[in-house]
Amino acid sequence: MKTSTTARRPARPTSFEGIGVSGGIAIGPAYVLEGGIAQVPEFTVEAHALEAEVDRFKAALAKARRQIRKLRRKAEALPVSVLEELGPLLDAHAAMLDSSRLAGGVESAIRTRSVNAEAAVQAVVGELVRGLEAVGDAYLASRGQDIREVGDRILRHLTATPYHAFALLTPGTIVVAEELSPADTALMDPALVGGFATALGGADSHTAIMARSMGIPAVLGVPAVSARVRPGVRLIVDGEAGRIIVDPDADTLAEYRRKAEARKRLERQLARLRAMPATTTDGVRIALQANLELPRDLENAHQGGAEGIGLLRTEFLFMNRPDLPTEDEQYAALRQVVESMQGRPVTIRTLDVGGEKLATALGERIAESANPALGLRAIRLALKEPKLLETQLSAILRAGAHGPVRILLPMISSISQVRAVRAILARVVSRLKRRKARIARPIPPVGIMIEVPGAALTADALARECDFMALGTNDLTMYTLAIDRGDEQVADLYNPLHPALLRLIQFTVEAALRNGIPVSVCGEIAGDPRYAPLLVGLGVRELSMAATALPRVKQRIRRLAAGPATQRARAIMDQADETRIATLLDDFNEGL
Ligand code: PEP
Ligand code: MG
């Protein structure tokens with residue numbers, strides 16, 4: 001067959017690859033986020049607090065530098081033509097961040113004018129831009145725009161301003177950004193945001209988890225995506241394949257519309273399993289529960305037939321606000337979840353901020369750290385700031401008067417932490433009794449997350465101190481393999497099938513069963529049907545996952561037999577090679 005080679009435009013890259021973190025197809029117009037900050041707080045700073053303010057500025061500057069470095073590294077993967085355009089721009093921004101005129105100017109403005117860092121950044125940026133414009137040279141004036149962009153980047157880190165503009169989007173919009181924090185993602189309404197794509201972010205980052213729980217197709221880690229996508233252009237997000245397609249032609253569009261339709265049909269079929277139990281073919285019952293990021297995920301939990309909430313991440317209560325939620329506010333939000341579950345258990349995890357999940361309201365309490373994932377996170381913060389924990393425990397105990405709740409403690413690494421929390425809990429109970437408040441009777445079980453390797457290795461001792469355990473395999477994988485779960489550069493090394501991780505899971509499950517306490521898995525592997533035979537084979541009988549994943553996992557469990565799954569798990573545990581382990585698991589799944 002002869003093909004015509006004439007009159008063909010050179011093929012231009014219209015499809016960009018990234019990490020598919022939340023399945024599904026979305027087709028819609030691109031909304032490319034600009035870094036602009038609508039409102040910058042301005043206030044006077046007392047003399048004794050000026051140095052702390054300078055430090056706050058330096059921390060924001062360091063974050064902006066890190067972000068540019070990451071974007072620059074990602075840009076290396078781009079075609080030369082794009083890199084030639086984008087590289088110098090990022091280099092120029094990096095140079096401006098390092099320039100003494102900007103950094104030194106802001107530091108001195110804070111000190112001499114006694115103003116907050118945001119006001120100083122705004123003033124210095126304004127002065128630099130006006131200085132360039134006054135020269136009357138078009139090139140220099142255009143550099144002013146770069147300075148403004150750099151200033152906005154620093155301001156975004158200083159204020160942690162979320163993108164409230166999401167509320168104004170038209171339904172089906174695809175959001176494109178350099179980076180979206182979990183707090184930004186929490187502001188997305190799935191009825192308006194069809195999908196999203198970012199340049200930074202890894203598969204098990206909380207932004208990815210949030211996307212899955214809301215059922216929004218998403219691709220992260222697409223190099224320079226916000227610079228390469230024109231606002232308003234039609235985009236396809238293929239969250240399964242980890243690809244975005246810009247301005248698709250008619251054939252591609254038709255193909256993806258068919259794919260999206262096929263996926264909807266499959267979802268309708270799976271929905272029929274809603275009321276059926278997750279029982280293996282040889283009669284082993286597995287409890288399937290939902291992880292909840294936001295109360296609005298409850299609808300998905302009900303639709304998926306969740307038997308309870310296995311992990312309620314309470315961080316949402318602290319996000320996108322400048323102050324801390326009161327006990328009454330927390331109680332009202334938790335009570336709504338408990339009542340909605342109508343007698344099914346709700347496992348409420350105490351606050352797990354720190355690391356990448358930094359709540360604005362807590363910013364002052366957690367200083368900048370070189371290794372935030374190893375820093376003042378989760379239970380460590382709660383025990384350092386017991387008032388925070390007391391308020392939260394009070395709210396949980398009161399919500400527990402409306403239905404069964406369990407208390408779950410994040411990032412436990414030693415038995416002394418469990419004992420300390422139990423002592424605080426006893427104090428809170430007495431105080432509430434004195435107040436004659438209605439609280440949970442009996443006092444709810446206290447469980448711990450096993451997500452630190454040291455906790456997994458001492459699971460037998462910890463099991464004697466707590467009432468249940470939940471395996472947080474996201475952090476457990478990160479800490480065991482020393483791989484940042486949110487860093488797309490090492491995403492290929494993040495492998496839950498590493499034998500070290502499997503041994504820690506096995507050891508924990510056996511310790512819990514020996515001590516007669518329930519153990520669940522609530523990390524992201526629980527929501528991937530691929531891992532179901534292995535987890536069941538290792539003795540896990542409770543799984544908690546993104547509500548949107550429940551039907552697919554249930555289908556897989558109803559097809560497998562626990563006996564052969566146990567044998568396959570034994571064979572897997574004899575292996576040292578991750579590739580061999582993957583093959584053994586995938587072969588087993590294929591036979592189902
Ligand atoms: C985990 O670490 O596996 C977990 C469930 O907690 P989070 O993802 O909220 O850190
Ligand atoms: Mg965790």
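Two residues hold the magnesium ion (ligand 2) in this predicted model: the protein donors are Glu 451, through OE, and Asp 475, through OD, lying 2.1 Å from the ion. Glu 451 sits in the loop between strand E13 (446–450) and helix H15 (453–457), while Asp 475 belongs to helix H17 (residues 473–481), so the pair ties together parts that are 24 residues apart in sequence. Both donors are buried. Glu 451 also has a polar side-chain atom 3.0 Å from an oxygen atom of ligand 1, and the side chain of Asp 475 brings an N or O atom to 3.0 Å from an oxygen of ligand 1.

**Ligand 1 and its shell**

- Taken alone, ligand 1 would expose 290 Å², and the protein buries 100% of that.
- Which residues come closest to ligand 1? The shell has 16 residues, and the closest are Arg 313, Arg 349, Gly 472, Asn 474 and Arg 485.
- Thr 473 makes a backbone contact: one of its backbone N or O atoms lies 3.1 Å from an oxygen atom of ligand 1.
- Sorted by character, the shell residues come out as seven charged, five polar and four nonpolar.
- Helix H7 (206–214), strand E10 (309–313) and helix H17 each put at least two residues into this shell.
- H17 gives the most, with three residues. This is also the helix that carries the magnesium donor Asp 475.

**Cysteines**

- How many disulfides does the model have? The count comes to zero.
- Cys 466 is in no disulfide, and the nearest cysteine sulfur to its own is that of Cys 522, 13 Å away.
- Seen from the other side, the closest cysteine sulfur to that of Cys 522 is in Cys 466; at 13 Å that is too far for a bond, because a disulfide here needs the two sulfurs within 2.5 Å.
- Buried or exposed, where do these two cysteines fall? Cys 466 is buried, with a relative accessible area of 4%, and Cys 522 is buried too, at 1%.

**Backbone oddities**

- Arg 441 and Pro 442 are joined by a cis peptide bond, with omega at about -10°.
- Pro 442 is found in the loop between helix H14 (415–434) and strand E13. E13 also borders the loop that holds the magnesium donor Glu 451.
- Asp 247 isn't a glycine, yet its phi is positive, at about 50°.
- Look for Asp 247 in the loop between strand E8 (243–246) and helix H9 (250–271). At 37% relative accessibility, this residue counts as partly exposed.
- Met 411 is another non-glycine residue with a positive phi, in this case near 60°.
- The loop between strand E12 (405–409) and helix H14 is where Met 411 lies. Met 411 is buried, with a relative accessible area of 1%, whereas Asp 247 is partly exposed.

Note on methods:
Residues numbered from 1 in each chain as written. Chains lettered and ligands numbered in written order. Predicted model: local features only at pLDDT ≥ 70, side-chain atom pairs only at ≥ 80, totals over all residues. Heavy atoms only, no water. Buried < 20%, exposed > 50% of the residue type's maximum accessible area, 1.4 Å probe, protein only. Donors = N, O, S within 2.8 Å, 3.2 Å for Na, K, Ca; no water. Helix = DSSP H or I, 4+ residues; strand = E, 2+ residues; numbered from the N terminus. Near = heavy atom within 4 Å. Polar contact = N/O pair within 3.5 Å; in protein donor to acceptor, adjacent residues only side chain to side chain. Areas by Shrake-Rupley, 256 points an atom, 1.4 Å probe, with all protein chains shown as cover. Nonpolar A, V, L, I, M, F, W, Y, C, P; charged D, E, K, R; others polar.
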